[in-house]
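Reader: I would like to learn how to read the inside of a protein model. Please take it one feature at a time.

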Amino acid sequence: MDWDDERRKARLIETRWGREWRVLGRTRRCLLRVSLASIPLLLLFGVYWRVDVAPEQRRLADTRPSIDEIYGPRDPADATTAVVDLVGLGNLDAAPTAATLPALADLGRVWSVRYDNRGLDTRVISDLIDRRATAVGVSNIVLVGHSMGGVVALEAAQHLYEDSDKTVGGVVLDCTPVDLHAVREASRDAGEDLLRWIGWLPGARESRSLRTIVEMAARQNRFVDRQSSWLPHIEWGEAASAFDEVMRDKVLNPSAASNGFIESQFKTIVASGALDNLDALSDEVDGKTAPAIVFLRPPDGAADTVVDVDYSQRILFERSGGPDGNLRVVRMPGTGHANPRQAADMYNSAITTRVVPMVDASSSRAWKSSAGPDPTERGEVSPR
């Protein structure tokens with residue numbers, strides 16, 4: 001019998017799956033093909049969930065916020081004051097940062113907060129601080145927040161100021177963005193990209209493979225050459241170095257912040273009520289003294305590549321400065337964006353000479369009489 005293509009097609013039609021389907025036959029066969037084609041994708045998704053997402057979910061379920069004491073008070077008479085250190089975006093534990101700032105012990109005990117890696121809740125943090133303070137006889141709290149940690153410090157300070165019997169002696173803001181507009185465009189775009197990824201991809205809050213992709217993308221300028229020719233190419237040695245750094249510091253490090261935690265931190269900035277917090281902290285509550293607000297920053301705003309500190313300072317001056325305000329701005333030469341571990345000497349010097357006198361004076365209701373060497377840095381005249 002001669003080969004006939006038409007006869008072959010007719011035979012295929014007679015023997016195909018669903019040949020007996022008369023109602024919506026074509027649609028049902030199309031759905032069947034799609035279902036079969038999706039099986040490999042479902043298997044791949046199952047591996048992704050089982051190997052990548054589920055183990056991280058179990059690990060994060062065991063994390064809890066905690067407080068560690070880093071230093072005792074330099075003067076035993078200051079044992080009733082606790083200085084609580086809080087770190088910023090992408091960081092979990094303030095202990096390494098607080099350990100580089102022994103000058104804080106001039107105010108009292110120095111505590112560090114380790115966040116819950118599942119997410120950020122300022123009410124939980126303030127309650128944790130309140131309970132710890134009550135347990136050890138601390139009645140005066142000073143909060144120090146680095147970068148985004150300052151947003152957390154302001155919210156926690158309001159909770160403690162309004163809802164506890166503790167005095168809030170001061171809030172120290174280190175290069176803190178008072179709202180999302182204070183975050184420079186590149187950093188803001190990176191945060192918004194992360195939110196999009198997490199919003200669309202199941203398991204993205206825990207996925208280590210996604211974290212690897214995002215972290216490598218953030219480092220692409222180190223290994224993608226776009227200058228030498230019209231076609232970008234990869235420097236594989238630099239790419240391997242960046243990959244090793246990402247795996248060591250961000251993916252396999254059990255102390256690294258999770259995607260979900262970073263999402264929670266960024267949302268805290270987006271939804272920041274820092275302006276309302278500042279207003280609340282300027283009102284007298286139950287006879288408590290309004291806390292001092294201290295803003296640490298580099299002298300040149302351009303030195304901070306993450307936060308527009310000039311913008312933040314203007315907003316802080318409007319809310320907490322002026323002749324009757326309680327703001328001091330401390331400019332620290334040689335510093336960048338909230339980097340006390342890299343510029344420890346300058347930070348400790350500024351704390352000793354500028355921060356401690358301001359907070360001590362505020363606690364004794366006499367901060368206005370403690371004029372520093374630069375009146376513009378106490379908010380007594382409008383900043384440039």
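**Reading the interior**

Author: Start with the lining of the largest cavity, which has eight nonpolar residues, one polar residue and no charged residues. Here Ala, Val, Leu, Ile, Met, Phe, Trp, Tyr, Cys and Pro count as nonpolar, Asp, Glu, Lys and Arg as charged, and the others, Gly among them, as polar. This is a predicted model, where local features need pLDDT of at least 70, side-chain atom pairs count only at pLDDT 80 or more, and totals for chains, interfaces and linings use all residues. Residues are numbered from 1 along each chain as its sequence is written, and side-chain values use heavy atoms, with hydrogens and water left out.

Reader: What is the volume of the largest cavity, and which residues line it?

Author: A cavity is a set of points, on a 1 Å grid over the protein atoms alone, where a 1.4 Å probe fits but cannot get out; lining residues have an atom within 4 Å of a point. Points are joined across faces, edges and corners, and the volume is the space filled by probe spheres set on them. The largest cavity has a volume of about 40 Å³. Its lining consists of Leu101, Leu104, Val144, His146, Val172, Leu296, Tyr347, Ile351 and Val355. Helix H13 (344-363) gives the largest share, three residues. Helices (H or I, at least four residues) and strands (E, at least two) are DSSP runs, numbered from the N terminus.

Reader: Which helix gives the most to the largest nonpolar core?

Author: A nonpolar core is a set of buried Ala, Val, Leu, Ile, Met, Phe, Trp, Tyr and Cys residues joined through side-chain atoms within 4.5 Å. Buried means under 20% relative accessible area, exposed over 50%, partly exposed in between (1.4 Å probe, protein chains only). The largest core has 54 residues, and Leu86, Tyr115 and Leu316 are among those that touch the most other members. Helix H5 (residues 149-163) gives the most to this core, with seven residues. Of the 15 residues in H5, 13 are buried. A second, separate core of 24 residues includes Val83, Leu101, Leu107 and Val172.

Reader: What is the phi of Cys175, and where is this residue found?

Author: Most residues other than glycine have a negative phi. Cys175 has a positive phi of about 55°, and is found in the loop between strand E5 (167-174) and helix H6 (185-200). Cys175 is buried, with a relative accessible area of 0%.

Reader: What about Ala338?

Author: Ala338 also has a positive phi, near 40°. Ala338 is buried too, at 18% relative accessible area.

Notes
On a 1 Å grid over the protein atoms alone, a cavity is a set of points where a 1.4 Å probe fits but cannot get out, and a pocket is an open set with protein on both sides within 12 Å along at least five of seven lines; lining residues have an atom within 4 Å of a point.
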